[in-house]
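This report describes a single protein chain, moving from its overall dimensions to individual helices and then to particular residues.

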Amino acid sequence: MDIKYLLWLQDLRQKAGPAVENFFSIFTDIPFCPASIIFLCAIYWCIEKRMGFFILFSQSAGNFINNFIKNCFCVYRPWIRDSRITPPEKVKSGATGYSFPSGHSQNVTNEYGALAYALFRKDKSQNKHTWTWAVVVCALTILLVAFSRNFLSVHTPQDVIVGVSEGLLIPN
């Protein structure tokens, strides 16, 4: 089932052309791009230390647990399991290690999920809706990065679902 889905997305990706593939190739690395890391550090140093610490702790704890699970299950990448799967080379070179669970999905959910949660709590405590737009942007970022991992054929749906679940549960 998961391989059929990836093959269907691969066919869609090839028909959509390089512009769509490039969009998802860039978008998939949002949790690890320098701008994202600088933004998260700026929250800690310039905006609110407590919120910044919460986000950084969430990300660190999530990464630790994700790597532990990856090394317990040792699930190979989709293209190793089925030679019909062909992710783009530029993405494949960055997809190292085991596949399950998705580190990108976990990481973006920990970072942006923690940010969304902190902003939501801030709004709730002030009885305002100042940050609702940012919470929506965070949720969309999580969904797009998670989908991009399947669209680019570097993770199965199970990898992504567990990665996002980890991010939601640890420690949000």
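The text below treats the chain as a whole, then two of its helices, then a buried tyrosine, and finally the backbone features in the loops.

**Overall form**

The model is predicted, and its protein chain contains 9 helices and 0 strands, so that, read from the N terminus on, the elements run α-α-α-α-α-α-α-α-α. The radius of gyration of the protein chain is 17 Å, which agrees with the value near 16 Å that a compact globule of 172 residues would have. Along its principal axes, the C-alpha trace spans about 55 × 35 × 25 Å.

Buried residues account for 47% of the 172 residues in the chain, while the accessible surface comes to about 9400 Å², with 69% of that area belonging to carbon and sulfur atoms. Of the contacts between residues at least 6 apart in sequence, 80% join residues at least 24 apart. The chain carries 16 positive and 11 negative charges, and the mean positions of these two sets are 4 Å apart.

**Helices H4 and H9**

The table sets out the extent of two helices, each given with its span from the first C-alpha to the last.

| Helix | Residues | Length | Span | Expected span |
|---|---|---|---|---|
| H4 | 49-73 | 25 residues | 36 Å | 36 Å |
| H9 | 157-169 | 13 residues | 18 Å | 18 Å |

For H4, the span is close to that expected at 1.5 Å a residue, and the span of H9 is likewise close to its expected value. The buried residues of H4 are Met51, Gly52, Ile55, Ser58, Gln59, Ala61, Gly62, Asn66, Ile69 and Lys70, and what covers them includes helix H3 (34-47), H7 and H9. In H9, the buried residues are Pro157, Asp159, Val160, Gly163, Val164, Glu166 and Gly167, a set in which the acidic residues Asp159 and Glu166 are included. These buried residues of H9 pack against helix H1 (2-16), H4, H7 and helix H8 (132-151).

**Tyr112 in helix H7**

Tyr112 is placed in helix H7, which comprises residues 103-126. With a relative accessible area of 11%, Tyr112 falls under the 20% limit and is therefore buried. Leaving aside its neighbours within four places in sequence, Tyr112 is in contact with Ile30, Ser36, Cys138, Thr141 and Ile142. Between the C-alpha atoms of Tyr112 and Cys41, which lie 71 residues apart along the chain, the separation is 13 Å.

**Backbone features in the loops**

Three loop positions deserve a look at their backbone geometry. The peptide bond from Phe100 to Pro101 is cis, with omega near -10 degrees, and Pro101 lies in the loop between helix H6 (89-92) and H7.

Cys74 follows just after H4, in the loop that leads from H4 to helix H5 (78-81), and its phi is near 50 degrees, a positive value in a residue other than glycine. Ser153, in the loop between H8 and H9, also has a positive phi, near 65 degrees, and is a residue other than glycine.

Are Cys74 and Ser153 buried or exposed, in part or in full? Cys74 is partly exposed, because its relative accessible area of 31% lies between the limits of 20% and 50%, whereas Ser153, at 0% relative accessibility, counts as buried.

Definitions and conventions
Residues are numbered from 1 along each chain as its sequence is written. This is a predicted model: local features need pLDDT of at least 70, side-chain atom pairs count only at pLDDT 80 or more; totals for chains, interfaces and linings use all residues. Side-chain values use heavy atoms; hydrogens and water are left out. Helices (H or I, at least four residues) and strands (E, at least two) are DSSP runs, numbered from the N terminus. The radius of gyration is taken over C-alpha atoms; the globule rule is 2.2 Å times the number of residues to the power 0.38. Buried means under 20% relative accessible area, exposed over 50%, partly exposed in between (1.4 Å probe, protein chains only). Contact means heavy atoms within 4.5 Å. Accessible areas come from the Shrake-Rupley method with a 1.4 Å probe; for residues, only the protein chains shown count as cover. Lys and Arg count as positive and Asp and Glu as negative; His and the chain ends are not counted. The place of a charge is taken as NZ of Lys, CZ of Arg, CG of Asp or CD of Glu. The expected span of a helix is 1.5 Å times one less than its number of residues.
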